[in-house]
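Trainee: I should like a close look at a single part of this model, namely one of its open sheets and the helices that accompany it. Please describe how the strands are arranged and paired, and then place that part beside the rest of the chain.

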Amino acid sequence: MQFRHKSLFVAAALAFIGTAANAETVKIAIAGPFSGSVAQYGDMVKAGALTAIEEINAAGGANGNKLEAVMMDDACEPKQAVAVANKIVSQKIKYVIGHVCSGSTIPASDIYENEGVVMITPSATAPQLTEGKKRHFIFRTIGRDDQQGPAAAQYIINKVKPKKVAVLHDKQSYGQGIATSVKKDLDAAKVPVVLFEGINAGDSDYSAVITKLKSQGVDFVYFGGYHPEMGLLLRQAREQGVKATFMGPEGVGNKDVTAIAGPASEGMLVTLPADFAADPANAKLVKAFADAKRDPNGPFQMPAYTGVQLIAKGIAGAKSTDSEKVAKYLHANTFDTPIGKVAYDAAGDLKSFKFVVFTWHKDATKTAAN
């Protein structure tokens, strides 16, 4: 996906604002983990979505229709996500930004597809969300694991060139899926993967798998999962003398990985969406976040903002708040957004999306990896 784009959307990209003959309030559910161990990611999505809603409403609404956020907490739990999806349907809400975790998004999306609810996830990367399914109402504003996994694998193959690799995952849809993708590419390149194993999310002691890393002489570890487990793996590995470089997907790219791992987080590699907040074309949008006392720096704020913007553009372009017409418009058009040009394939996946490798530092900052 192109990083730079021509329009400046805080002003210019809100040019879709118009007037509707029968203006109404369009409710948009913001669904994700606002409690639990990965609530930070829900907060990122909330920051992006609320900023977009406020900006669009201040400019006159989506084709004259006011947007209203409805917060829905699924705690990154699949069963709660299903309950949330049913609640959204029962309240006749036709638009959703979320869910956040792939394991929650997948079952919820089946309900939305059946009920004609447009769902745009800014963070769920698992291919299973759309793979092999007939989707009309389901969209993403982030790439898939089979786009992120190869980006990680190519960096490992061409830049790191390790001698012995361990690929670990948390046994969940997101983590296992991306770990499998990375391993596939490493295997194809004849990079020795000496350990491929799952750990239990939520455990506090990973000494058993760390012992295996030591006994195998592993010099590189890829972990598919979220920051709570990565933080513990990093800290406990360093305590036990493991010097291997660790790498993970965007699920580990959170400042709280440093809160858990401390100095052991220095040098961790992570694949993330491009740093959209650093794009000069987004300067006014970054200021809008700051004015609202929200942080624009993170993997999901700009994709969430973009999701709301797409809903508004869809309403304006379709000249209707009908979700069927809006979904059809989104599939048929290309959009300038904070994350670059957005165009969808038939499944609702982005036709292109770029993941970038960053080096994480012990002060919870990151820099582009060499």
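Mentor:

**The parallel five-stranded sheet and its surroundings**

In this predicted model, 5 strands form an open sheet with parallel pairing, and their order is E2-E1-E3-E4-E5. Its edges are E2 and strand E5 (138-140), each of which pairs on one side only. From one strand to the next, the twist averages 25 degrees.

The pairing at the E2 side can be followed residue by residue. Strand E1 (residues 25-32) and strand E2 (residues 66-73) run parallel and are joined by 8 bridges. Within this pair, Val26 stands opposite Leu67 in E2, and Lys27 stands opposite Glu68, also in E2. As a general point, the side chains of a regular strand alternate between the two faces of the sheet.

The connection between these two strands is helical. Helix H1 (residues 39-58) forms a right-handed β-α-β unit together with E1 and E2. H1 also packs on the sheet, where it touches E1, E2 and E3, and its direction makes about 165 degrees with that of E2. Helix H2 packs on the sheet as well, touching E1, E2 and E3, with its direction at about 150 degrees to that of E2.

H2 has a helical partner too. In general, two packed helices are described by the angle between their axes and the distance between the axes. For helix H2 (residues 78-90) and helix H3 (residues 102-115), the angle is about 25 degrees and the axes are 8 Å apart. Since angles under 35 degrees count as roughly parallel, H2 and H3 are therefore roughly parallel to each other. Their crossing is right-handed. On the H2 side, the contact is made by Pro78, Ala81, Val82, Ala85, Asn86, Ile88 and Val89. H3 contributes Gly103, Ser104, Pro107, Ala108, Ile111, Tyr112 and Glu115. Sorted by class, the contact of H2 with H3 has 10 nonpolar, 3 polar and 1 charged residues.

The loop that leads to H3 holds a backbone feature to inspect. Most residues other than glycine have a negative phi, and most peptide bonds are trans. Gly98 and His99, however, are joined by a cis peptide bond, with omega at about -10 degrees. His99 is found in the loop between strand E3 (95-97) and H3. Elsewhere, Lys171 has a positive phi of about 65 degrees although it is not a glycine. Lys171 lies in the loop between E6 and helix H5 (173-188).

E6 leads to the other sheet to be considered here. An open sheet of 7 strands has mixed pairing and the order E7-E6-E8-E9-E10-E13-E14. Strand E7 (193-198) and strand E14 (366-368) are its edge strands, each pairing on one side only. Neighbouring strands of this sheet are turned by 25 degrees against each other on average, direction ignored.

Two successive crossovers can be traced in this sheet. Strand E8 (residues 220-224) pairs with strand E9 (residues 245-248) in the parallel sense over 3 bridges, and the bridge partner of Val221 in E9 is Phe246. Between E8 and E9 the chain crosses through helix H7 (residues 227-239), and this β-α-β crossover is right-handed. E9 and E10 also run parallel, joined by 2 bridges, and here Met247 stands opposite Leu269 in E10. The chain passes from E9 through helix H8 (residues 255-261) to E10, again as a right-handed β-α-β crossover.

Further helices lie across these strands. Helix H4 (residues 145-160) lies across E8, E9, strand E10 (269-273) and strand E13 (355-360), and runs at about 55 degrees to E13. Helix H6 (residues 207-216) lies across strand E6 (165-169), E7, E8 and E9, and runs at about 175 degrees to E7.

To return to the part requested: the pairing of the 5 strands is parallel, E1, H1 and E2 make a right-handed β-α-β unit, and both H1 and H2 pack on the sheet.

Notes: Residues numbered from 1 in each chain as written. Predicted model: local features only at pLDDT ≥ 70, side-chain atom pairs only at ≥ 80, totals over all residues. Heavy atoms only, no water. Pairing = 2+ DSSP bridges. Helix = DSSP H or I, 4+ residues; strand = E, 2+ residues; numbered from the N terminus. Right-handed = clockwise from strand over helix to strand, strands pointing away. Axes fitted to C-alpha atoms, helices over the stretch in contact; angles between N-to-C directions. Parallel < 35°, antiparallel > 145°, perpendicular 65-115°, else oblique. Left-handed = near helix turned anticlockwise from the far one by under 90°. Contact = heavy atoms within 4.5 Å. Nonpolar A, V, L, I, M, F, W, Y, C, P; charged D, E, K, R; others polar.
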